[in-house]
Amino acid sequence: MQETTILWADDEIDLLKPHVLFLSEKGYKITTVTNGNDAVEAFKNNYFDLVFLDENMPGKTGLETLSDIKNINNEVPIVLITKNEEEYLMEDAIGSKIDDYLIKPVNPKQILLTIKKLTENKRLVTEKTTMAYQQDFRTLGMTLNDNLSYQEWVDVYKKLIYWELELERLEDEGMHEILTMQKAEANVQFCKFIERNYTDWIKNPDSAPTISTQLFKKKVFPKLDNKGPVFFILIDNLRYDQFKIINPIISEYFRLEEEDTYFSILPTATQYARNAIFSGLMPLDMEKRFPDMWQNDEDEGGKNLYEEKFLADHLKRVLRRDIKFSYHKILNIDEGRALNDSVSNLMNNELNVVVYNFVDMLSHARTDMQMIRELASDDAAYRSLTLSWFEHSPLFDLLKFLAQKQVRVVITTDHGTIRVKNPSKIIGDRNTNTNLRYKQGKNLNFNPKEVFHVRNPHDIMLPKLHVSSSFVFAKGDSYFVYPNNYNHFVNFYNETFQHGGISLEEMIIPIVTYGPK
């Protein structure tokens with residue numbers, strides 16, 4: 001391992017010789033100087049992994065020396081050592097982006113701990129994280145063979161996402177590959193679980209997890225208590241892992257009251273899942289109640305044009321009282337800014353609903369645009385892109401404004417998305433829908449082992465286009481491909497982000513409540 005080099009500047013360096021000797025015996029190479037000017041000169045002419053600076057030196061002070069060194073190389077960690085415990089000095093040091101702060105007298109073990117924390121932290125974290133995941137890997141592996149409940153599946157998925165985010169920070173491709181394989185195996189078992197249980201959930205909702213149709217009833221309506229407005233923000237196509245990386249930013253402004261998940265209905269597509277959220281009804285019931293508004297796959301026109309009307313009906317039907325509410329759908333940055341300019345007008349409403357379509361557009365752009373395709377080349381890059389968008393979005397500005405107004409905010413999504421890798425051949429007629437993760441039609445021809453086939457759509461409360469229509473849902477990371485265009489489809493869609501089928505990523509999704517700090 002390469003020797004760690006340390007620059008130590010202190011006008012009483014002779015008194016610190018026992019410390020220097022102790023560190024030398026531990027394998028560290030120490031260069032000592034007695035003033036700030038010499039420290040800057042040594043730093044210019046040599047490479048150091050770490051710098052210790054005494055604050056009270058003749059000539060340049062420690063903070064002045066710190067500033068000069070930072071101007072030469074801002075990446076090297078610097079530790080300020082001082083006898084002075086005055087608060088203003090600590091604040092100055094922190095404001096100057098000091099990496100650590102020690103009060104004299106310091107002992108050798110204290111110095112050693114600081115060195116390890118600042119120079120070996122990455123290695124130590126990597127070793128500990130890898131070991132912890134290896135232990136959890138065995139536990140998770142055994143768990144996947146159990147007959148899990150829906151809550152246990154939520155726990156498994158959260159654990160997998162936890163490790164995915166932890167291992168992402170490490171430069172260990174081997175561990176990441178093992179996790180990817182374990183996640184794929186979890187999806188195989190989860191798809192079997194959904195095949196066994198989904199129809200029963202729809203027929204017996206009281207013994208089922210919270211699904212799209214129950215989201216408002218269980219998670220939003222109880223919060224309409226006349227104690228100020230509730231903002232319900234739906235970020236289209238936001239997976240649980242994407243939520244986990246934006247949550248720390250949101251939590252700087254709000255208190256996290258409840259973090260929960262729910263299950264999207266099938267198909268995990270905006271037309272079905274989001275309409276089910278706002279109407280509180282399954283698609284078959286929507287078709288019956290709103291024959292002029294419900295759009296089937298083969299119908300012309302937009303499929304999510306009546307969310308506000310669905311919500312108004314839902315509020316009256318369930319709450320049986322008039323609710324003053326607003327609904328805004330944000331399709332681009334200009335619309336987001338326009339909402340922010342007028343948001344103060346919404347403070348007298350009990351409920352304000354905002355649908356942000358950007359993440360959905362981002363995922364489809366991942367399919368259509370070469371630049372986005374390269375930027376979001378894998379799940380980690382997709383998360384990073386989501387984080388970058390969020391930090392610079394009008395939505396973040398909206399949340400910062402709402403944080404000052406002491407309101408409650410519910411953030412959720414309608415379904416997730418999965419990066420598809422395995423083409424699955426299917427044959428259908430010209431009226432078969434175009435979604436790559438589910439197909440609806442008659443005389444569909446497919447490999448039954450690769451799909452969840454629902455012969456009678458009414459069994460899962462989906463409309464029928466024709467008497468003989470059925471639904472098939474892609475499982476795990478597969479996607480449907482027509483044999484006559486097989487190579488074209490595979491080249492174009494492989495490793496793109498899609499939704500509509502069955503996977504942990506698409507079905508188990510976040511619903512989070514934030515309150516004022």
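The largest pocket in this predicted model has a volume of about 670 Å³. Its lining comprises 28 residues, and those closest to the centre are Thr 180, Lys 183, Ala 184, Asp 379 and Lys 421. Four elements each supply at least two lining residues: helix H7 (150–168), helix H8 (173–203), helix H17 (379–391) and strand S11 (418–419). H8 gives the largest share, with 10 residues. By class, 15 lining residues are charged, 8 are nonpolar and 5 are polar.

A sheet lies in the N-terminal part of the numbering, with its edge strands at residues 29–33 and 100–103. This sheet is open and holds 5 strands, paired in parallel. The strand order is S2-S1-S3-S4-S5. Strand S2 (29–33) and strand S5 (100–103) form the edges. Each has a single partner strand, so one side of each lacks a neighbour in the sheet. On average, neighbouring strands are turned by 20° against each other, direction ignored. In general, the strands of a sheet pair through backbone hydrogen bonds.

Within the sheet, strand S1 (residues 5–9) is joined to S2 by 5 bridges in the parallel sense. Ala 9 stands opposite Val 33 of S2.

A helix also packs against this sheet. Helix H3 (residues 62–72) lies across two strands, S3 (50–54) and S4 (78–82). Relative to S3, H3 runs at about 155°.

Terms used
Residues are numbered from 1 along each chain as its sequence is written. This is a predicted model: local features need pLDDT of at least 70, side-chain atom pairs count only at pLDDT 80 or more; totals for chains, interfaces and linings use all residues. Side-chain values use heavy atoms; hydrogens and water are left out. Two strands pair if DSSP finds at least two bridges between them. Axes are lines fitted to C-alpha atoms, for helices over the stretch in contact, and angles run from 0 to 180 degrees between N-to-C directions. Contact means heavy atoms within 4.5 Å. On a 1 Å grid over the protein atoms alone, a cavity is a set of points where a 1.4 Å probe fits but cannot get out, and a pocket is an open set with protein on both sides within 12 Å along at least five of seven lines; lining residues have an atom within 4 Å of a point. Grid points are joined across faces, edges and corners, and a volume is the space filled by probe spheres set on the points. Ala, Val, Leu, Ile, Met, Phe, Trp, Tyr, Cys and Pro count as nonpolar, Asp, Glu, Lys and Arg as charged, and the others, Gly among them, as polar.
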